[in-house]
Amino acid sequence: MNRVILEHYPASKLPDELRKGIAPSASVKVTVEEEATRPVGRGQLLELMRNAQANAPGTSLDEAVARVRALRDEWED
């Protein structure tokens, strides 16, 4: 998780929606923290995989499976 902390930041540089109720001449402490991402559910994961497969150039699923099997067989001999 990323976090940025700015101390003694001029309130006058804050966006309007953050500056409400604060004097423009004030000095503030600004903390920005990235929200934790939620784990991907099964349905969302399947949709991501389908989208990746549909937009992947070049190799079909059957071709990829054939390559993996050939590599596996190569090591079993």
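Leaving aside neighbours within four places in sequence, V40 is in contact with L45 and L48. This residue is found in the loop between β2 and α2, and its relative accessibility of 45% places V40 among the partly exposed residues. The model in which these contacts appear is a predicted one. A longer view along the chain gives another picture of V40: from V4, which is 36 residues away in sequence, V40 is separated by 26 Å in space, C-alpha to C-alpha.

The contacts of V40 lead to a feature of the surface. V40, L45, L48 and M49 form a nonpolar patch there, and together these residues have about 370 Å² of accessible area. One member of the patch, L45, has its place in helix α2, which covers residues 42-55. Is L45 buried, partly exposed or exposed? Its relative accessibility is 43%, so L45 counts as partly exposed; the limits that matter here are under 20% for buried and over 50% for exposed.

It is helpful to set this patch within the whole chain. The secondary structure of the protein chain comes to three helices and two strands. Read from the N terminus on, these elements follow the order β-α-β-α-α. The loop that holds V40 thus belongs to the part of the chain between β2 and α2.

The overall dimensions of the chain come next. What radius of gyration does the protein chain have, and what would a compact globule of 77 residues have? The chain has 25 Å, whereas a compact globule of 77 residues would have a value near 11 Å. Along its principal axes, the C-alpha trace spans about 75 × 25 × 25 Å. Of the 77 residues in the protein chain, 5% are buried. The accessible surface comes to about 7,300 Å², and carbon and sulfur atoms account for 54% of that surface. Contacts across the sequence can be described as well: among those between residues at least 6 apart in sequence, 39% join residues at least 24 apart.

Charged side chains provide another way to follow the structure. How many salt bridges does the structure hold? The structure holds three salt bridges. One of them joins R3 and E33, with the closest N and O atoms 3.3 Å apart. R3 lies in strand β1 (residues 3-10) and E33 lies in strand β2 (residues 27-33), so this pair ties together parts that are 30 residues apart in sequence. The two partners differ in their exposure class: R3 is exposed, with a relative accessible area of 53%, while E33 is partly exposed, with 39%. The side chains of E33 and R3 are also joined by a polar contact of 3.3 Å. E33 has a further relation to the beginning of the chain, since its C-alpha atom and that of N2 are separated by 5.9 Å, although E33 and N2 are 31 residues apart along the chain.

Another salt bridge has both partners within one helix. The side chains of D16 and R19 meet at 2.5 Å, N to O. Why are D16 and R19 separated by about one helical turn? The reason is that D16 and R19 are three residues apart in helix α1, which covers residues 16-19. D16 counts as exposed at 53% relative accessibility, whereas R19, at 23%, counts as partly exposed.

A further salt bridge is formed by D73 with R72, the closest N and O atoms being 3.5 Å apart. Both residues are partly exposed: D73 has a relative accessible area of 35%, and R72 has a relative accessibility of 44%.

A final point concerns the backbone in strand β1. H8 lies in this strand and has a positive phi of about 60 degrees although it is not a glycine. With a relative accessibility of 67%, H8 counts as exposed.

Conventions:
Residues numbered from 1 in each chain as written. Predicted model: local features only at pLDDT ≥ 70, side-chain atom pairs only at ≥ 80, totals over all residues. Heavy atoms only, no water. Patch = residues over 30% accessible without salt bridge, like charges linked within 9 Å, V, L, I, M, F, W, Y side chains within 5 Å. Areas by Shrake-Rupley, 256 points an atom, 1.4 Å probe, with all protein chains shown as cover. Salt bridge = Lys/Arg side-chain N within 4 Å of Asp/Glu carboxyl O. Helix = DSSP H or I, 4+ residues; strand = E, 2+ residues; numbered from the N terminus. Buried < 20%, exposed > 50% of the residue type's maximum accessible area, 1.4 Å probe, protein only. Rg over C-alpha atoms; globule rule 2.2 N^0.38 Å. Contact = heavy atoms within 4.5 Å. Polar contact = N/O pair within 3.5 Å; in protein donor to acceptor, adjacent residues only side chain to side chain.
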